[in-house]
Amino acid sequence: MSILCATDLSPAARGAAHAALALAHARGNRRLTLAYAMDASSSDAERAAVRAQLDAHTAELIAPGVHVVGELIIGPTVDSILSLAATEGAELIVIAARGAGSRTLVGMGSVAERLVVASDIPVLVVREPTA
């Protein structure tokens, strides 16, 4: 059993990752994967910088009973996330309602909305807390 959490490393995505960790722990899931998708045109330096940030965020999420890993995937964001979810046999994809990208008419980020539409497995969209 596993959960995949798509991240852009924004504060909202970090909140979604913590929600995914809580779900993994509560449901007895043994694996949580943080997945960051980068465009194939990104440079080695950009990839190394993102990898370092992803590793640091992954280390923040270490919890007993849940194996947390960070995956840097190269390719179109939605397709890459769905492919990794299928490869890992993920039962759930978690994503922030809105990360660093553009916002759609329904108040979700464009990546979150496209994942909800395209995914064959459940997608949990986590909103940021409001005051």
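The exercises below work through a predicted model, with a solution after each task.

This is a predicted model, in which local features need pLDDT of at least 70 and side-chain atom pairs count only at pLDDT 80 or more, while totals for chains, interfaces and linings use all residues. Residues are numbered from 1 along each chain as its sequence is written, and side-chain values use heavy atoms, with hydrogens and water left out.

**Exercise 1. Confidence**

Find what pLDDT the protein chain averages, and where the pLDDT is below 50.

Solution. Begin with the term itself: pLDDT is the predictor's confidence in each residue, from 0 to 100. The protein chain averages a pLDDT of 89, and 90% of the residues score at least 70. The pLDDT falls below 50 over residues 102–106, a stretch that has 11 contacts in the model beyond near neighbours in sequence, where contact means heavy atoms within 4.5 Å.

**Exercise 2. Strand pairing and crossovers**

Work out which strands pair with strand 2, and of which hand the crossovers are.

Solution. Helices (H or I, at least four residues) and strands (E, at least two) are DSSP runs, numbered from the N terminus, and two strands pair if DSSP finds at least two bridges between them.

- Step one: strand 1 (residues 2–6) runs parallel to strand 2 (residues 31–38) and is joined to it by five bridges; Cys5, for instance, has Leu34 in strand 2 as its bridge partner.
- Step two: strand 2 also pairs in the parallel sense with strand 3 (residues 67–74), over eight bridges, and here Tyr36 stands opposite Leu72 in strand 3.
- Step three: the chain crosses from strand 2 through helix 2 (residues 44–60) to strand 3 in a right-handed β-α-β crossover, and strand 1, helix 1 (residues 11–27) and strand 2 also make a right-handed β-α-β unit. Right-handed here means that, with the strands pointing away from the viewer, the path from the first strand over the helix to the second runs clockwise.

**Exercise 3. Cover and cores**

Decide whether strand 2 is mostly covered or uncovered, and find which elements give residues to the largest nonpolar core.

Solution. Take buried to mean under 20% relative accessible area, exposed over 50%, and partly exposed in between (1.4 Å probe, protein chains only). Strand 2 is mostly covered, since seven of its eight residues are buried. A nonpolar core is a set of buried Ala, Val, Leu, Ile, Met, Phe, Trp, Tyr and Cys residues joined through side-chain atoms within 4.5 Å. The largest one has 23 residues, of which Ile3, Cys5, Leu21, Leu32 and Val94 touch the most other members. Two or more residues come from each of strand 1, helix 1, strand 2, helix 2 and strand 4 (92–96), and helix 1 gives the most, with six residues. A second, separate core of 14 residues includes Val78, Ala90, Ile95 and Ala112. Leaving aside residues up to four places away in sequence, Ile3 touches Leu32 and Val94, among others.

**Exercise 4. The loop between strand 1 and helix 1**

Compare Asp8 and Leu9 in this loop: which is buried, and which is partly exposed?

Solution. Both Asp8 and Leu9 lie in the loop between strand 1 and helix 1. Asp8 has a relative accessible area of 29% and is therefore partly exposed, whereas Leu9, at 10% relative accessibility, counts as buried. Leu9 also has a positive phi of about 70°, although it is not a glycine. The side chain of Asp8 makes a polar contact with the side chain of Ser10 (2.7 Å); such a contact is a pair of N or O atoms within 3.5 Å, where within protein one must be able to donate a hydrogen and the other to accept it, and residues adjacent in sequence count only if both atoms are side-chain atoms.
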